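User: I have a protein on my bench and would like to talk through its fold. Could you take a look with me?

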Amino acid sequence: MKKLKNLLFVAALFFTIAKPALSQKALRCEYLENPIGLDTPMPRITWQLDDDRQGAEQTAFRVTVNKDSIALKNNLDLIWDTGKTFGDRQMITYGGEELEPFTTYFWAVETWDKDGKSLGLSKVASFETGMMKVKNWQGAWISDGQGKEVKPAPYFRKSFNASKKIKKARAYIAVGGLYELSINGQRIGNHQLDPVYTRFDRRLLYVTHDVTNALQEGENAIGVLLGNGWYNHQSTAVWFFDKAPWRNRPTFCMDLRITYEDGTVETIATGKEWKTDLSPLIFNSIYTAEHYDARLQQPGWDKPGFDDSQWKGVIYRSAPAQNITAQAMPPIRHNVEIAAKSVNKINDSTYVFDLGRNIAGVSEIRVKGEAGTEIRLKHGERLADNGRVDMSNIDVHYRPTDDSDPFQTDIFILKGEGEETFVPKFNYKGFQYVEVTSNQPLVLSKESLKGYFMHSDVSKVGMVKSSNPTLDAIWSATNNAYLSNLFGYPTDCPQREKNGWTGDAHIAIETGLYSFDGIKVYEKWMDDHRDEQQPNGVLPSIIPTSGWGYEWGNGPDWTSTICLIPWNIYLFYGDQRVLEENYEAMKKYVDHITEISPSGLTTWGLGDWVPVKSKSPVEFTSSAYYYVDANILAKVAALLGHDDEAEQYSALSKKIKNTVNDKYLNKETGIYGSGYQTELSVALHWGLVPDDMKELVAKNLAERVAADNFHLDVGLLGTKSILNALSENGYANEAYQIAAQETYPSWGWWIVNGATTLYENWDIESQNDISLNHIMFGEIGAWIYKGLGGIKPDPNNPGFRNVLLEPHFVKGLEEFEATHQGPYGEIRSSWKKTKKGMVSYMIEIPANSTASLILPISAKFKANTQFKQTKDESGSKVVYELSSGSYELEIEP
């Protein structure tokens, strides 16, 4: 075939052989599979079509709900029935009778396909309500009567008799602090660090456990161990969590609700009948570490028959907060077990273990030794020249008052009875290396220690692979850093801070949502935002906070999370609830900026944090985010039907844009400010550039990047914009050159120097800001999906109801594939350059979804089928409309 000067697209369309339709799949309630303990009065129900035929779509649906699964299947005694409803919606909000507490509801969905044929009733799914209202709690809030400075963690226990056959049982537990629950000596569940962190004096979360199989007829015993968490922060650091207004000795309230076979219900609740004693966990800090004295163990403390005559009575406590709601989200777990890669014996009492990768989590040691042997496990990210753990890069914000609480250092005192095991319960750390030291000689091997990678157990929904191992390693490191900083809220780093820095989180929001199903974590975090927002709209720079961050670090460039997080959730999930819940908070925030910045420019903010060398003006970047917030708010107002406010904020965004351009844009040269990478790319990426000047500004950016030898010269804010601004404005090859760069400064520079997570500083020899597990430079993870795979949500059809596909077959990359599991199913964008000079491009669009394939207008496109095509707004590209199904296109440059 003759080569063309411009791109010649010769496409062959291959239809996959369709298997029979298999009804519906991925049935979820509140984005969870068969959840228990929901408090949501109007839960969301979602599903997907299992229909891979070309052009598969849903033309109608019917959702039915019943308290009885058999009656549901037989269409009897329904408590909610949507009836056959025409449309392609795959999410609906429950609208039946008021939900009762402690009740299991069964539901199913019937859908009709593109031919109007019913696919039949789906399998039966369920959800179970929890307390629903605070008044339904029966238990009292209890504690052990000790002061907040007391170090040992408290045990609690209660014995009771279950005299009848048990049908089901649920434990509902709310805690100021953290807990582990056990029944009859069996630990309940595999969650860690429950409940997740909130502003404790404004909102508490409770957790529901199915404990049916843990109970037995006759005598039973409940055991609860309480940890401090962020509630009773005893360690001292620059953020003053030890001075939190809510700080107190841990407390809890629990209802164990037992339903017997005869239909009767009994609730075993917290009250004065409970007993308490101090545990072997002699110190615990979410920030630093744990100390455990195995000599103080009380075997059988959580079993029937234990002699608790020496234990004390509990005291009543007031609830830390009045707002107590269900924790309905993926829990934190020991997600990955990691064997030590190597061990270096320094001497008879000192060993250094290397896990081979940087993680957030804990270590577990198995050891034999004499009673009273004290073992210290010091966790760090790097080694000193002498081979021992060096923590100088991560302990910089710790302000200890004495040497009793060493940073990231667990202390384990042996009881001297055979092999003993220690793993922390109420702490996590950021580390790759563990230095084990002892006051007695020890014999350890590589198998003596292992690590557990911990994070909120969000499902994986994305995958990337390419012909460039460095690019793939960057994507993997980005995901590792993202997960290392997801503990019921997004954090900045898992070692020296564990803080919910807002700027880090909004930079990484797309990276997180492309690869992980994170909606429930982010919805919870937006609840935290509303808890923390001042009446005038101001938010702190870290959320949650005990008070620090309202005076430093906040401003539009950081706390734009209040607009950016809900907007991105809406784009990825097509769900307006997060917009509805946060709309008033968005308004208060934007209105406050307007009040203090009437000109349209604001200097409130931190600016382009940790830049390579060029620092853009704070006024420019903060005003750009002020514009972004006003623009999002105008769109949200329109979506929610607030037309007057939509017009108001649209006018505001135009004012900001014009004011920024009047001051910073040279309209003759197309240069913003000093022409730094951040200035040019922020203006392009966030839509500040006038339409008639985009081409010139993009050209200037590309020339600036070339002058920098295709290396980065940006900080945190610039990393969000630089790659996107290039690839979205005709310079995808230049964006890839930066992304694939392997010399300083670049992401690849970290990788070739051994990184398994992202760093805090481009300069790996920096003396400051050099945590080795930070997510703030994590936008590249999202760009790989967008800039190479071309997968983007369509703001006009969010939730990937329509997929925007604009792949870039960049120079230097021979093969690429990206997948994303959206609300409608899996999207695939995969391309490979062939020996004949062709590009084979494969697409998969899930049932009930469509795609817009975007190609340059200069491209010639031939296919054995006709696609509807239009020009985009710029007139420089052609948009081809694809229905659901699988496609393979052969492309010749």
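What follows is a set of questions and answers about this predicted model.

User: Happy to start with the annotations. Which residues does UniProt give for the feature "domain: Bacterial alpha-L-rhamnosidase N-terminal"?
Analyst: This feature comes from an unreviewed UniProt entry. Over the stretch in question the chain is 0% helix and 43% strand, with the end C-alpha atoms 36 Å apart. The record places the feature at residues 164-334.

User: And what is the helix content of residues 460-786?
Analyst: UniProt, again in an unreviewed entry, places the feature "domain: Alpha-L-rhamnosidase six-hairpin glycosidase" on this span. The end C-alpha atoms lie 18 Å apart, and 3% of the span is strand. The helix share is 55%.

User: Let's look at the six-stranded open sheet. Which strands stand at its edges?
Analyst: Strands of a sheet pair through backbone hydrogen bonds, either parallel or antiparallel. Here the pairing is antiparallel and the order is β15-β14-β17-β12-β20-β23. Two of these strands have a single partner each, so one side of each is left without a neighbour in the sheet. They are β15 (186-187) and β23 (312-313).

User: Inside that sheet, which residue of β17 is the bridge partner of Y179?
Analyst: Strand β14 covers residues 178-183 and strand β17 covers residues 218-227. The two pair in the antiparallel sense over six bridges. In β17, the partner of Y179 is L226.

User: There is also a three-stranded open sheet. By what angle are its neighbouring strands turned against each other on average, direction ignored?
Analyst: This sheet has the order β2-β3-β7 with antiparallel pairing. β2 (24-29) and β7 (91-93) are at the edges with one partner strand each, so each has a side without a neighbour in the sheet. The average turn between neighbouring strands, direction ignored, is 15°.

User: Which residue of β3 does C29 stand opposite?
Analyst: β2 and strand β3 (residues 44-49) are joined in the antiparallel sense by four bridges. Across from C29, in β3, is I45.

User: Now to β41. How many of its eight residues are buried?
Analyst: Strand β41 spans residues 815-822. Being buried here means a relative accessible area under 20%. The strand is largely enclosed by the rest of the structure, because the buried residues number six.

User: Which residue of β42 stands opposite A818?
Analyst: On one hand, β41 pairs with β36 in the antiparallel sense over five bridges, and A818 is the bridge partner of V464. On the other, eight bridges join β41 to strand β42 (residues 825-833), also antiparallel. β41 and β42 form a hairpin with two residues between them. In β42, the residue opposite A818 is S829.

User: How about the helices: is the crossing of α5 and α7 left-handed or right-handed?
Analyst: Helix α5 (residues 519-532) packs on helix α7 (residues 561-573) at an angle of about 155°, with the axes 11 Å apart. That angle makes the two helices roughly antiparallel, since the cut-off for that term is over 145 degrees. The crossing is left-handed.

User: On to charges. How far apart in sequence are the parts tied together by R333 and D457?
Analyst: R333 and D457 form a salt bridge in which the closest N and O atoms are 2.7 Å apart. R333 lies in strand β26 (residues 332-339), and D457 is in the loop between β35 (449-456) and β36 (462-466). R333 is partly exposed at 23% relative accessibility, and D457 is partly exposed at 28%. The pair ties together parts separated in sequence by 124 residues.

User: In the salt bridge of E364 and R366, is E364 buried or exposed?
Analyst: The two side chains meet at 3.6 Å, N to O. R366 has a relative accessible area of 36% and is partly exposed. E364 has 8% relative accessibility, and anything under 20% counts as buried. E364 is therefore buried.

User: Which arginine forms a salt bridge with D713?
Analyst: D713 is buried, at 1% relative accessibility. Its closest N and O contact in the salt bridge is 3.9 Å, which fits the cut-off of 4 Å. The partner is R704.

User: Finally, how many salt bridges does a search of the whole structure find?
Analyst: Side chains of opposite charge can pair when their charged atoms come close. Some are linked in a network, made up of E30, R44, K520, E523, D575 and R577. For the whole structure, the number of salt bridges found is 62.

Note on methods. Residues are numbered from 1 along each chain as its sequence is written. This is a predicted model: local features need pLDDT of at least 70, side-chain atom pairs count only at pLDDT 80 or more; totals for chains, interfaces and linings use all residues. Side-chain values use heavy atoms; hydrogens and water are left out. Two strands pair if DSSP finds at least two bridges between them. Buried means under 20% relative accessible area, exposed over 50%, partly exposed in between (1.4 Å probe, protein chains only). UniProt positions are given in the numbering used here, feature names are shortened, and annotations may be inferred rather than shown by experiment. Axes are lines fitted to C-alpha atoms, for helices over the stretch in contact, and angles run from 0 to 180 degrees between N-to-C directions. Angles under 35 degrees count as roughly parallel, over 145 as roughly antiparallel, 65 to 115 as roughly perpendicular and the rest as oblique. A crossing is left-handed if the near helix is turned anticlockwise from the far one by less than a right angle, and right-handed if clockwise.
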